[in-house]
Number of protein chains: 2
Amino acid sequence: MTSDASPRDRLLDTASDLFYREGIHTVGVDRLVTEAKVTRATFYRHFPAKEDLVVAYLRATDQRLRGAVARMVETTPAGEALPAVLEFVGESACASGFRGCHFINAAAEYPDPEHIVRNAVDEHRGWFRDAMAELATRAGHPDPGYAAAVLVLLHDGALQGAELDDPEQVRRTLLRAGRDLLGI
Amino acid sequence: MTSDASPRDRLLDTASDLFYREGIHTVGVDRLVTEAKVTRATFYRHFPAKEDLVVAYLRATDQRLRGAVARMVETTPAGEALPAVLEFVGESACASGFRGCHFINAAAEYPDPEHIVRNAVDEHRGWFRDAMAELATRAGHPDPGYAAAVLVLLHDGALQGAELDDPEQVRRTLLRAGRDLLGI
DNA sequence: GCACGGCGGGAACGAACGTTCTGTCTATAA
DNA sequence: TTATAGACAGAACGTTCGTTCCCGCCGTGC
């Protein structure tokens, strides 16, 4: 239950849910405090402003994804890590309630590249690219930089495509294209 | 000059510019009528509501892209149409002022798939996929459906990646991956 | 026992939102 | 010449925005 968590956690949980499902600008502070069962005063006691909650939401999502990838890496042999990532992306894209990439969606609402929200987006993307490059290296891929760039490209395209078109078809295309490109 | 165009055209031009550069929700009607040098009454005489202007903006963008693709198809032999599309996408992504895909960005701000804005997005994406499938067919590609799906995937990934990462690197990755995947 | 900090309830702030209105001016068409 | 329609100017609508404040309650630690 979220109702017996701390006010800060309730806030972050409902923000994560609402920001992702309905967008950031369209979800007001009213909505947030009402659904989190928290008062405005409590909101501003934990977050200096709404955009700080947005950053916290992205950072929490980032941490969740880092954990998922780390767990995946631990449980799959080095040679199968890249296809495993593709499977993971494909499954995420087909999950119910999927609404595209958290970070791409957030960036679309914050055009200024210097904004703190964009900083959070950049950090996540930097980590993902580096993580993919390292996986490719460990898998013995001849060109890890290219492999990472390809994985980022396919990742982004698949996540946005799955939201806007048929997720299952996108998933199939992603897997087939990934295997073709990465030589696996 | 936009200042001697009709009020409706001025409105659509400034809306296209502002919506793309700064986002849709963040640009208010105040901003629009001020920069278009048009009064509120004139605004609402031409568009029942702001979201109708958003739809008009997307439809105008859609028409521009259809024209660009049609022109490209006319001037390139059938066999080279697919790489030409990739070049076009890559160049667009590296153009100054590029801010990602108009339609993906708009969809990120309108989560409801039944919204009229999303309808405009769906129409554009449907056209693009069909156009790519037809190009692939005419180029003699053995699996036009897959080729079209791949082009959509790479297109989406490249456009969002170029906005968030290094556009030149994304362009190179796009071209190389496209050539590898489409056998060209 | 008492001070203190976290939280709930709720009013209030100024600003901006999308939208509607009244009224005046001017160009075009009957 | 007059009627009409479109664009102008600008005030105003009610609502919502993000943010701040005051007050009373209650649990914990000194």
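I began with DNA strand D and found that 17 residues surround this strand, where near means a C-beta atom, placed from the backbone, within 6 Å of it. The closest of them are Gly28(A), Arg40(A), Ala41(A), Ala49(A) and Lys50(A). I was looking at a predicted model, in which local features need pLDDT of at least 70 and side-chain atom pairs count only at pLDDT 80 or more, while totals for chains, interfaces and linings use all residues. Residues are numbered from 1 along each chain as its sequence is written, and chains are lettered from A and ligands numbered from 1 in the order in which they are written.

For the surface near DNA strand D, I noted that H3(B) gives the largest share, four residues. (Helices are DSSP runs of H or I with at least four residues, numbered from the N terminus.) By class, I recorded seven nonpolar, four polar and six charged residues on this surface, with Ala, Val, Leu, Ile, Met, Phe, Trp, Tyr, Cys and Pro as nonpolar, Asp, Glu, Lys and Arg as charged, and the others, Gly among them, as polar.

I then turned to DNA strand C, where Thr42(A), Gly28(B), Arg40(B), Ala41(B) and Ala49(B) come nearest among 17 residues. Here H3(A) supplies the largest share of the surface, four residues.

Last, I looked up where the two chains meet, and the contact (C-beta atoms, placed from the backbone, within 7 Å) takes 34 residues from chain A and 34 residues from chain B. On the side of chain B that touches chain A, H8(B) gives the largest share, twelve residues, and I listed 16 nonpolar, ten polar and eight charged residues there.

Key: Helix = DSSP H or I, 4+ residues; strand = E, 2+ residues; numbered from the N terminus.
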